[in-house]
Amino acid sequence: MTGLKGALIGCGFFAINQMHAWNDVDGAEIVAVCDRDPERLKLVGDQFGVERRYSDAETMFADGGFDFVDIATTVQSHRALVEMAARNKIPAICQKPFAKTLDDAKAMVEACRAAGVALMVHENFRWQTPIQAVRKALDAGAIGTPFWGRFSFRSGYDVFSGQPYLAEGERFIIEDLGIHTLDIARYILGDVSALTARTKRVNPGIKGEDVATILLDHVNGATSVVDVSYATKLSKEPFPETLIELDGSEGTIRLSQGYGLEITNGRGTTVMDVSPKLLSWASRPWHNIQESVYAIEQHWVDQLRRGAEHSTSGADNLKTFALVEAAYDSAARGQTIDVRAML
Ligand code: NAD
Ligand code: 89V
């Protein structure tokens, strides 16, 4: 079977990872790139040897010649670009955060459903090797039925140097980073029925919140805490590791800093190194995220070819995105939010 041809919109900071990963993916290649910033367009076009370059997405869709589009722009343009893809009957990948509001996200899912095209959100954190290892241990019944969890990302890393827009939005850590952690919580412990959140801004140089603590009631009866911070200065910087604690009826799982996975149950304790691979183009400490970009892109191609639903389809991601909106709402009102009523 011949490979799929893709087009990338948005040649910014993170798109470099996406382009490197597309080079490694089996069964797809990027044949066109688009950015309204001529410098970024030239930089990415030259670096990855893509001849077809566009400053305008409408013109690129009109010219066609590709089987899918990879939208790597920031959130402001996501709805318009996903709807453009749907109008042109082109399957689309959309970066997180999926949309500005849950209503926009629902409209995007509906547009792709009505057009009969696949839509996947580039929610890559669940594809990280250590997160997959936790899921595998749970699926193997290593700790019986989990009843409690903690999903923690606490860091003092300067994310603003690579992504300056993160300092400027009214919303910061839940929308940008907590969205990944909440998705991991759903991926590991299942969907959420209710949520309670508290937020803080510690760094005076940014607009949004940089600390959030979120209590989740999962539909299956488990309880978990998602805690995220970019105001946590530690002796050994853990960025960008998500640490996990799970207690189950038959044992416990601990994913700790340095990618150590410890499983304790009736058979004793096993300790494994679940470090991500350092891909040829990757660099520490980002290699964990970079490897997951390759994994989600390969998943996109494999499922598209099978005609099967993607793990982080638009419809699936509505349930993660609802948690983001619920967290802001809960923190603002000091109340527990019924998540199921939002969907
Ligand atoms: P960026 O600002 O560096 O890049 C965005 C690019 O898109 C810019 O070059 C801009 O000119 C271009 N652009 C915007 N709107 C456009 C439009 N309508 N048509 C054509 N080009 C357009 O941003 P970034 O840091 O690369 O982030 C992009 C997205 O990736 C964000 O949504 C961010 O949250 C997400 N992100 C995801 C991860 C992850 O691990 N999944 C990591 C970092 C960033
Ligand atoms: O994944 C992201 O969206 C990034 C980072 C991991 C740095 O927060 O913004």
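Trainee: In which loop is the place of proline 97?

Mentor: The model discussed here is a predicted one. In it, the peptide bond from lysine 96 to proline 97 is cis, with omega near -15 degrees. Proline 97 has its place in the loop between strand S5 (92-95) and helix H5 (102-115).

Trainee: Which peptide bond is cis with an omega of about -5 degrees, and where does its proline lie?

Mentor: Most peptide bonds are trans. The bond that joins phenylalanine 239 and proline 240 is cis, with omega about -5 degrees. As for location, proline 240 is placed in the loop between S10 and strand S11 (243-248).

Trainee: Is lysine 89 buried or exposed?

Mentor: Most residues other than glycine have a negative phi. Lysine 89, although not a glycine, has a positive phi of about 55 degrees, and it lies in the loop between helix H4 (78-87) and S5. Its relative accessible area is 52%, and exposed means over 50%. Lysine 89 is therefore exposed.

Trainee: Is tyrosine 259 buried or exposed?

Mentor: Tyrosine 259 is not a glycine, yet its phi is positive, at about 65 degrees. It is found in the loop between strand S12 (251-256) and strand S13 (260-265). With a relative accessible area of 9%, it falls under the 20% limit, so tyrosine 259 is buried.

Trainee: What is the relative accessible area of serine 229?

Mentor: Serine 229 belongs to strand S10 (residues 223-229). Leaving aside residues up to four places away in sequence, it touches Phe153, Arg154, Ser155, Ile173, Asp210 and Val211. Serine 229 is buried, and its relative accessible area is 1%.

Trainee: Which domains does the domain assignment give, and how many Å separate their centres?

Mentor: The assignment gives domain 1 (4-117) and domain 2 (126-283 + 319-342). Contact between them involves 14 residues of domain 1 and 13 residues of domain 2. Taken over C-alpha atoms, the centres of domain 1 and domain 2 are separated by 27 Å.

Trainee: Which helix gives the most residues to the largest nonpolar core?

Mentor: The largest nonpolar core has 95 residues, of which Phe98, Ile188 and Leu246 touch the most other members. The helix that gives the most to this core, with 10 residues, is H7 (residues 173-189). At least three residues of the core come from each of domain 1 and domain 2. The helix asked for is H7.

Trainee: Which residues does isoleucine 188 touch, not counting residues up to four places away in sequence?

Mentor: Isoleucine 188 is one of the three residues that touch the most other members of the largest nonpolar core. With residues up to four places away in sequence left out, it touches Ile131, Val134, Arg135, Leu138, Phe151 and Leu246.

Trainee: How many residues are in the other core that lies apart from the largest one?

Mentor: This other core includes Met19, Val25, Ala28 and Phe68. Its number of residues is 23.

Trainee: What percentage of the area of ligand 1 does the protein bury?

Mentor: There are 25 residues around ligand 1, and Phe14, Asp35, Lys96, Asn124 and Tyr165 come nearest. An oxygen atom of ligand 1 lies 2.9 Å from a backbone N or O atom of phenylalanine 13, and an oxygen atom of the ligand is 2.8 Å from a polar backbone atom of phenylalanine 14. A nitrogen atom of ligand 1 lies 3.3 Å from a polar side-chain atom of glutamine 95. Taken alone, ligand 1 exposes 860 Å², and the share buried by the protein is 88%.

Trainee: Which helix gives the most to the shell around ligand 2?

Mentor: The residues surrounding ligand 2 include Lys96, Gln163, Asp176, Leu177, His180 and Phe239. The element that gives the most to this shell, with 3 residues, is H7.

Trainee: What percentage of the accessible area of ligand 2 does the protein cover?

Mentor: An oxygen atom of ligand 2 is 2.9 Å from a side-chain N or O atom of glutamine 163. For aspartate 176, a side-chain N or O atom is 2.7 Å from an oxygen atom of ligand 2, and for histidine 180 such a distance is 2.8 Å. On its own, ligand 2 has 270 Å² of accessible area, and the part covered by the protein is 94%.

Key
Residues are numbered from 1 along each chain as its sequence is written. Chains are lettered from A and ligands numbered from 1 in the order in which they are written. This is a predicted model: local features need pLDDT of at least 70, side-chain atom pairs count only at pLDDT 80 or more; totals for chains, interfaces and linings use all residues. Side-chain values use heavy atoms; hydrogens and water are left out. A nonpolar core is a set of buried Ala, Val, Leu, Ile, Met, Phe, Trp, Tyr and Cys residues joined through side-chain atoms within 4.5 Å. Buried means under 20% relative accessible area, exposed over 50%, partly exposed in between (1.4 Å probe, protein chains only). Helices (H or I, at least four residues) and strands (E, at least two) are DSSP runs, numbered from the N terminus. Domain bounds come from an automatic or database domain assignment. Contact means heavy atoms within 4.5 Å. A residue is near a molecule or strand if one of its heavy atoms lies within 4 Å of it. A polar contact is a pair of N or O atoms within 3.5 Å; within protein, one must be able to donate a hydrogen and the other to accept it, and residues adjacent in sequence count only if both atoms are side-chain atoms. Accessible areas come from the Shrake-Rupley method with a 1.4 Å probe; for residues, only the protein chains shown count as cover.
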